[in-house]
Every structure is written in C-alpha cells, then in structure tokens.
Amino acid sequence: MKIGIIIHSQSGNTRLVALKLQEKLSTLGHNVTIEPIEPIGDAHPGVKNLQLKTYPEIAKYEGLIFAAPVWAFNISPVLTAYLSQLSTLKDKKITAFVTMGFPFPWMGGNRAIAMLKKICRTKGATIAATAIICRSGNYQKAITNMKEIFSEVY
Ligand SMILES: Cc1cc2nc3c(=O)[nH]c(=O)nc-3n(C[C@H](O)[C@H](O)[C@H](O)COP(=O)(O)O)c2cc1C
C-alpha cells in the first residue's frame with residue numbers, strides 16, 4: 001500500500017519515531033513516504049492563522065499516518081493547520097500518533113489524540129488506530145506496540 005506519514009517535528013523526536021514506523025511498514029512491503037510539514041515563521045501553542053511552507057498532497061496515498069508533538073495538551077498547531085485545509089479524508093486508511101515529553105498519556109497525549117480524532121471525523125474519516133509515545137515513559141515498548149498495531153491496519 002502507498003502510505004504517507006505526514007509529520008510535524010520541531011526538535012526531531014516525532015521524526016525519529018516516524019522513521020522507525022517507516023522502516024517497519026516498509027519491511028512488510030508497503031511504499032512509505034515521510035512528508036514533513038513546517039510552519040512559516042514562529043509556531044507556538046495558540047498561534048492564529050498559521051501558514052505552512054508546504055502542504056503535502058494526499059491524493060496519491062491510500063494510507064495516511066498523522067504525527068505531531070503534544071503542545072500544551074493539544075496536537076501542535078502546525079498539524080492542525082495542515083489538517084484544517086484538507087477538504088476530505090474519506091476512503092483513506094488512517095492511523096496517528098503523538099509524542100510527548102511528560103511520562104503519562106493523561107498529561108496531554110489523550111487530549112491531543114481526542115482532538116485529532118475529532119478533526120478527522122469532520123473530514124469524513126475514522127482513525128483506525130492511535131498511539132501515544134511518552135519520551136520519559138515506557139518509550140521503547142510504546143514504539144514496539146505501535147509498530148505492531150499499525151502493521152495490522154495496513
Ligand atoms: C510549546 C511546547 C509545548 C509542549 N507541551 C507539552 C504537553 O502539554 N505535554 C507533554 O507531555 N509534552 C509537551 N511538550 C513536549 C513535546 O511534546 C515533546 O518534547 C515532543 O516529543 C517533541 O516532539 P518533536 O521533537 O518532534 O518536536 C511541549 C513542547 C513544546 C515545545
């Protein structure tokens with residue numbers, strides 16, 4: 001399957017996790033491309049009217065994985081800005097993960113995932129599986145679990 005991993009990663013952690021996922025899905029025979037998104041200018045929680053340098057095209061992908069850091073108990077506004085300009089996610093097989101600094105999902109991860117699910121629902125899609133990767137929690141185990149669960153989706 002042709003899969004696009006759309007990621008925002010400011011300091012590289014989300015990107016590292018995305019690379020591990022790309023490696024795993026590629027060994028299963030999928031064609032996986034990482035598509036980074038970056039803001040024009042400064043991004044911070046609560047920023048308004050954020051513009052991005054690029055808006056990766058999703059038409060070519062059957063599968064999509066959205067990934068971003070948790071910022072202030074939400075998904076980063078960079079991924080929100082990207083998602084909000086999409087007209088539809090209908091018929092896409094979607095998974096998503098967030099990375100976070102605090103050790104427990106309730107410290108922002110759960111809420112970020114809930115927001116992501118809500119946005120995707122407004123675009124006509126249900127997220128098939130999600131993961132929360134806490135950098136100071138059970139990091140490796142969370143990544144291994146995510147790779148297994150996402151592999152079953154695609
Ligand atoms: C502005 C800002 C807000 C953040 N807010 C949270 C938060 O609410 N909860 C949390 O666990 N981590 C928070 N973090 C930490 C990041 O989510 C974490 O370091 C993440 O893995 C960074 O991903 P990246 O390296 O891909 O940018 C915040 C980081 C920044 C820069």
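Which residues in the largest nonpolar core touch the most other members? In this predicted model, they are I5, F66, A67, F97 and V98, out of 41 residues in that core. Plenty of elements chip in: β1 (2-7), α1, β3, α2 (77-84), β5, α3 (109-122), β6 (127-134) and α4 (139-153) each give two or more residues. The top giver is β3, with 7 residues. Want to zoom in on one spot? Leaving aside residues up to four places away in sequence, F66 touches I6, L79, A96 and L116.

Now step back to the whole chain. The protein chain has 4 helices and 6 strands, and reading along the sequence you meet them in the pattern β-α-β-β-β-α-β-α-β-α. Buried residues make up 36% of its 154 residues. Among contacts with a separation of 6 or more, 74% link residues 24 or more positions apart.

How big is it? The C-alpha atoms fill a box of roughly 40 × 35 × 25 Å along the principal axes. A compact globule of 154 residues would have a radius of gyration near 15 Å, and the protein chain has 14 Å, so the two agree.

Then there's the ligand. It has 21 residues around it, and T14, P69, M100, G101 and G108 come nearest. The elements giving two or more residues to this shell are α1 (13-27), β3 (63-71) and β5 (93-100). Here is how the shell splits by class:

| Class | Residues in the shell around the ligand |
|---|---|
| Nonpolar | 9 residues |
| Polar | 10 residues |
| Charged | 2 residues |

So β3 turns up in both places: β3 gives residues to the core, and β3 gives residues to the ligand shell.

Terms used
Residues numbered from 1 in each chain as written. Predicted model: local features only at pLDDT ≥ 70, side-chain atom pairs only at ≥ 80, totals over all residues. Near = placed C-beta within 6 Å. Nonpolar A, V, L, I, M, F, W, Y, C, P; charged D, E, K, R; others polar. Rg over C-alpha atoms; globule rule 2.2 N^0.38 Å. Buried ≥ 20, exposed ≤ 12 C-beta atoms within 10 Å, placed from the backbone. Contact = placed C-beta atoms within 7 Å. Core = buried A, V, L, I, M, F, W, Y, C linked by C-beta atoms within 7 Å.
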